Amino acid sequence: MKLHTLFAAVLFATMGSAFAQNATSQDGVKIGGNSLLSKFAPVGALENQAATQYAQTMQQAEKQHALGPDNHPQVLRLRAIANKLIPYSLKWNERAKQWKWEINLLGSKQINAYCMPGGKIAFYSGILDTLKLTDDEVAIVMGHEIAHALREHGAERAVKSSAANLFVKGVEIFAGAKGYDPNIAGSIAGGAANMTMLKFSRDNETEADIVGLDIAARAGYDPRAGVALWQKMGMVNKGAPPQWLSTHPAGQNRIAEIRRHLPEVMPLYVKAKALSLNGIAPYRTNVKGIDPVTYP
């Protein structure tokens, strides 16, 4: 297959994957199946690699006295929330039923959390302490990170990256054969490929936000906490780059997207909590300067 044809096929598969499969469920958010691109990646091998890397990270953290002990209040809290979310995660990926889920706390000021392929979750103490996350907000973050693993975004990204590299190399070869400077052609093609990869990454982040809302709501966590969460993030990330230069959507865009999907997930939340949408109390976070989040 020619390089440009392969890259075109990858782009087509990316754009068409959302329409190629049915929505995962009748209620909740309406998202198609996982990207067709993940089928081209060795998912099992990636999960094994992630498990090894995760174990090494935890061992290193333990040596540095930065791994939260099993009886640490925040570790107990994170694992309790994870235990509520995981059952509602399984429908999004058949492989998740066999994952050996783990959740750990790393002592670091980083405002970060992740879930590696295979269900390996880590939270940094910085995100809990700096943002003063409520349980609902922890669930939103955790649901988002779990969604990345469930949707196999890591495998998808690996295939896209390989295709982009092939595309750039093909442009260089073609330019050289036509008498043009391959370095200049490759630089231009690389810039275009990089901007495309940034767009793919932002799309994955948005998808993880949406799927994470669904998981959290079904587990009884208020999805409106996502609005407050990103308002908190905005307070500490005032110097964030423009959205088009970032792998993550801008905070205001994420808030707008969350609000757009509240009609799909709020019924799941009130059902889980045995409440009624009529007259439901606003969501109130624990930081001054953030208004209560109402619905509708």
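P69 is partly exposed in this predicted model, because its relative accessible area of 43% falls between the limits of 20% for buried and 50% for exposed residues. The residue is found in the loop between helix α2 (43-63) and helix α3. Although P69 and L105 are 36 residues apart along the chain, their C-alpha atoms are separated by 8.2 Å.

W99 falls into another class of accessibility. With a relative accessibility of 9%, W99 counts as buried, because the limit for that class is under 20%. W99 also takes part in an aromatic pair with W101. The ring centres of W99 and W101 are 5.3 Å apart, and the planes make an angle of 55 degrees, so that the pair is classed as tilted rather than as edge-to-face, which requires over 60 degrees. The count of aromatic pairs in the model comes to two.

The chain as a whole contains nine helices and three strands. Read from the N terminus, three helices come before the three strands, and six helices follow them. Of the 296 residues in the chain, 48% are buried. The accessible surface of the chain comes to about 15,200 Å², and carbon and sulfur atoms hold 56% of this area. Among contacts with a separation of 6 or more, 71% are between residues 24 or more positions apart.

The three strands form an open sheet with mixed pairing, in the order β1-β3-β2. Strands β1 (102-106) and β2 (113-116) are the edge strands, each of which pairs on one side only. From one strand to the next, the twist averages 15 degrees. Strand β1 runs parallel to β3 (residues 120-124), and the two are joined by five bridges. Within this arrangement, L106 stands opposite Y124 of β3. Four of the five residues of β1 are buried, and the strand is thus mostly covered.

Two helices that lie across strands of the sheet are α3 and α5. Helix α3 (residues 73-85) lies across β1 and β3, and its direction is at about 150 degrees to that of β1. Helix α5 lies across β1, β2 and β3, and runs at about 30 degrees to β2.

The largest nonpolar core of the model comprises 59 residues. Within this core, the residues with the most contacts are L85, F123, M142 and I146. Helix α5 (residues 135-150) supplies nine residues, the largest share of the core. Another core, apart from the largest one, has 10 residues, including A50, Y54, M58 and Y124.

The surroundings of F123 can be described in more detail. When its neighbours within four places in sequence are left aside, F123 is in contact with L78, I103, N104, L105, L106, N112, A113, L128, V138, V141 and M142. Among these partners, L105 is the residue whose C-alpha atom is separated by 8.2 Å from that of P69, and L106 is the residue that stands opposite Y124. M142, another partner of F123, is also one of the residues with the most contacts inside the largest core.

Notes. Residues numbered from 1 in each chain as written. Predicted model: local features only at pLDDT ≥ 70, side-chain atom pairs only at ≥ 80, totals over all residues. Heavy atoms only, no water. Core = buried A, V, L, I, M, F, W, Y, C linked by side-chain atoms within 4.5 Å. Buried < 20%, exposed > 50% of the residue type's maximum accessible area, 1.4 Å probe, protein only. Contact = heavy atoms within 4.5 Å. Pairing = 2+ DSSP bridges. Axes fitted to C-alpha atoms, helices over the stretch in contact; angles between N-to-C directions. Areas by Shrake-Rupley, 256 points an atom, 1.4 Å probe, with all protein chains shown as cover. Phe/Tyr/Trp six-rings, centres within 6.5 Å; stacked < 30°, edge-to-face > 60°.
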